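Colleague: Could you take me through one part of this model in some detail? I would like to look at the pocket and what surrounds it.

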Amino acid sequence: MKRDIRINGLREMYRSTLFDNVVPWWEKHSIDREYGGYLTRLDRNGTAYSGDKDMWMTARQIWMFSHLYRTHEEKEHWRELAGHGLDFMMKNAFAEDGRMYFRLDRQGRPLSKVLSLYTEVFATMAVAEYAKISQSKELGQRARTMYDFLIPRLGQASDTPMLGYPLFREFHLHAHDICRITVARACHDIRPQRKFEDDINTSINSILNRHWKARERVFLENVAMDGTAMLDLPEGRLFHPGHVIETAWMLMEVATERKEASLMDTAIDMMLASLEQGWDREFGGIRYLTHIDGTPTHALEADLKLWWPHGEALYALLLAYLRTGRKDLETWYIKVHRYTFDHFPDEEQGEWYGYLNRGGSPIWQAKANGWKGFFHLPRALFRAYQLLNEPHDQKTGWYHA
């Protein structure tokens, strides 16, 4: 990194952003003391603009508070807030068939059952994490049951989630691989088991053998079940930089734990291909969606700059650089760091803007909706802060590669 970005300064920046800004913002504004659970649709200043509660956002928030309690500091306030959300979710979010409602009203009545699979991913993580900090055997068993119910349904032929209608084609979705590796790693961190390792390996194999096209250095979100590219369809040309960067750091973490240099190199190459594909050379920032051939995307938000891919990239690049010392990763980190901290933080009201136009100005100033909540940003900040707390060179201020 350039010598004007020192490790000690970075560590304090991540610590302060997370614990003095982001976490207190959610503690203050999102807790529904009247009906239970969390308010997940919040305006710029934290005022609820709807009482509807999105269950995958609720599950992510339960997980985040529980994870901070378990891995950072045993603050009883965090445990209480996690339990507050868990009680509401367990009481209201499950249908009789075991699937979950995606959205409830403020009182807990179901409004939608779509996207149950994705909701179950984060709910399983939440229940497992809270079971660990509460030492509840009952919740631990519930988490295992939820995991076993979820995993066999991932990786099956699906319609692309980018559309509001089905296509008469079978797709394998990268999103399912992300879901599997995310929930398996979260559960393995809490209670290591061989089945979690096996599921992590299933995701890695699918990512590398289906979706990552190493020769062309492109990553396809949607492929045929055998990994064949489906370039005759716009959905088959989709390259989602943020998703790939998120996947890349998960693979880097696995590579670090297993000391697998080749997996680390591949993950870094995937990340760099994503940045090269997605970086806006005119205005800066990571475009949300692209096609590998430059043709128009189905989604009108393709050129927007969203908070979460930039957060994922900050952590992924920092992790890659501190593990390898490579100069190209240092350069990319500085570029992404400066864009992110120059554009997303809301200096007046706290927290971060979620959605910027191509030029970098907020187009939507609310802080929470059915997609933006207490998860991607605090998770990225916390992981980066943890990484920066590892031993480093006390003389120069730089980490040993």
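Which helix gives the most to the lining of the largest pocket?

Modeller: Happy to, and please keep in mind that this is a predicted model. The helix you are after is α6, which gives five residues to the lining of the largest pocket. In the sequence, α6 covers residues 174–190. The other elements that supply two or more residues to this lining are α2 (55–71), α4, α8 (241–258), α10 (307–324) and α12 (376–388). The pocket holds about 890 Å³ of space, and 33 residues line it. To find its centre on your screen, look for W56, H240, H243, Y288 and W371, the lining residues that lie nearest to that point. Sorted by class, the lining comprises 22 nonpolar, six polar and five charged residues.

Now let us follow one of those lining helices to a partner. Helix α4 (residues 116–134) and helix α5 (residues 137–150) have axes that come within 8 Å and cross at roughly 155°. An angle over 145 degrees counts as roughly antiparallel, so that is how α4 and α5 run relative to each other. The crossing of α4 past α5 is left-handed. On the α4 side, the contact is made by L117, E120, V121, A123, T124, V127, A128, Y130, A131 and S134. From α5 come L139, G140, R142, A143, M146, Y147, F149 and L150. Taken by class, the residues of this contact are 13 nonpolar, three polar and two charged.

Key
Residues are numbered from 1 along each chain as its sequence is written. This is a predicted model: local features need pLDDT of at least 70, side-chain atom pairs count only at pLDDT 80 or more; totals for chains, interfaces and linings use all residues. Side-chain values use heavy atoms; hydrogens and water are left out. Axes are lines fitted to C-alpha atoms, for helices over the stretch in contact, and angles run from 0 to 180 degrees between N-to-C directions. Helices (H or I, at least four residues) and strands (E, at least two) are DSSP runs, numbered from the N terminus. Angles under 35 degrees count as roughly parallel, over 145 as roughly antiparallel, 65 to 115 as roughly perpendicular and the rest as oblique. A crossing is left-handed if the near helix is turned anticlockwise from the far one by less than a right angle, and right-handed if clockwise. Contact means heavy atoms within 4.5 Å. Ala, Val, Leu, Ile, Met, Phe, Trp, Tyr, Cys and Pro count as nonpolar, Asp, Glu, Lys and Arg as charged, and the others, Gly among them, as polar. On a 1 Å grid over the protein atoms alone, a cavity is a set of points where a 1.4 Å probe fits but cannot get out, and a pocket is an open set with protein on both sides within 12 Å along at least five of seven lines; lining residues have an atom within 4 Å of a point. Grid points are joined across faces, edges and corners, and a volume is the space filled by probe spheres set on the points.
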